[in-house]
Amino acid sequence: MAKLVSSADRPKLERHDVSRGIIKSLVSVGFGVSLVAESDIGASFSGLVYREIRDGSGPSRIGYSAYWNENNDNPALVGFLKLLGERYPLPTTSV
């Protein structure tokens, strides 16, 4: 929202608990816009156009956070957290 030029340009936000495919179908026929992760831009629908979010400083980035329940004993969790750590390491700070 902060990237919009003026308060007059602010969109009406709606949250829909449906699949990404349904959201993309709605957008493709003219019912609004949606934010999607870069990893999700492969699916194409007639009339659907992907645009990078940019401002005067260049591309905009949206951060994500992950959390887990310490009692989760799903064996896939360890591998998933390792993958996240390798792909998205925490920034190091210099002292």
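In this talk, a residue is called buried when its relative accessible area is under 20%, exposed when that area is over 50%, and partly exposed in between, using a 1.4 Å probe and protein chains only. By that rule Asp-40, with 16% relative accessibility, counts as buried, and this residue will be at the centre of what follows.

Colleagues, the model above is a predicted one, in which local features need pLDDT of at least 70 and side-chain atom pairs count only at pLDDT 80 or more, while totals for chains, interfaces and linings use all residues. Residues are numbered from 1 along each chain as its sequence is written, and side-chain values use heavy atoms, with hydrogens and water left out.

Let me begin with confidence and the overall layout. The predictor's confidence in each residue is given by pLDDT, on a scale from 0 to 100. The protein has a mean pLDDT of 79, and 87% of its residues reach 70 or more. Its secondary structure consists of two helices and two strands, and these follow the pattern α-β-β-α along the sequence. Helices (H or I, at least four residues) and strands (E, at least two) are DSSP runs, numbered from the N terminus. Of these elements, H1 has the highest mean pLDDT, at 86, and E1 the lowest, at 76.

Buried residues account for 8% of the 95 residues in the protein. The accessible surface, computed by the Shrake-Rupley method with a 1.4 Å probe, where for residues only the protein chains shown count as cover, comes to about 9,100 Å², and 55% of it belongs to carbon and sulfur atoms. As for contacts, meaning heavy atoms within 4.5 Å, 17% of those between residues at least 6 apart in sequence join residues at least 24 apart.

I now turn to the charged pairs. Side chains of opposite charge can pair when their charged atoms come close. A salt bridge here is a side-chain nitrogen of Lys or Arg within 4 Å of a carboxyl oxygen of Asp or Glu. How many salt bridges does the structure hold? There are three.

Two of them involve Asp-40, which is found in the loop between H1 and E1. In one, the side chains of Arg-20 and Asp-40 meet at 3.7 Å, N to O. Arg-20 lies in helix H1 (residues 20-28) and Asp-40 in the loop that precedes strand E1 (54-55), so this pair ties together parts that are 20 residues apart in sequence. In the other, Asp-40 pairs with Lys-24, with the closest N and O atoms 3.2 Å apart. Because Lys-24 lies in helix H1 and Asp-40 in the loop between H1 and E1, this bridge ties together parts that are 16 residues apart in sequence.

Arg-20, Lys-24 and Asp-40 are thus linked in a network of salt bridges. Are its members buried or exposed? Asp-40 and Lys-24 are both buried, whereas Arg-20, at 58% relative accessibility, counts as exposed. Leaving aside neighbours within four places in sequence, Asp-40 is in contact with Arg-20, Lys-24 and Tyr-50.

The remaining bridge joins Glu-86 and Lys-82, at 3.9 Å, N to O. Both residues lie in helix H2 (residues 75-87), four residues apart, or about one turn of the helix. Glu-86 is exposed, with a relative accessible area of 55%, and Lys-82 counts as exposed at 55% relative accessibility.

Let me return to H1. Which of its residues are buried? They are Ile-23, Lys-24, Val-27 and Ser-28. Seen down the helix axis, these buried residues fall within an arc of 135°, so they line one face of H1; the arc is that of the directions from the helix axis to the C-beta atoms. In general, an α-helix has 3.6 residues a turn, so residues three or four places apart point the same way.

There is also a nonpolar surface patch of about 480 Å², made by Val-18, Ile-22, Leu-26, Val-29 and Phe-31. Patches are made of residues with over 30% relative accessible area and no salt bridge; like charges are joined within 9 Å, and nonpolar side chains (Val, Leu, Ile, Met, Phe, Trp, Tyr) within 5 Å. Leu-26 has its place in helix H1 and is partly exposed, with a relative accessible area of 35%. Just after H1, Gly-30 takes a positive phi of about 100°.

Finally, a word on Tyr-67, which is found in the loop between strand E2 (58-59) and H2. Tyr-67 counts as exposed, at 78% relative accessibility.
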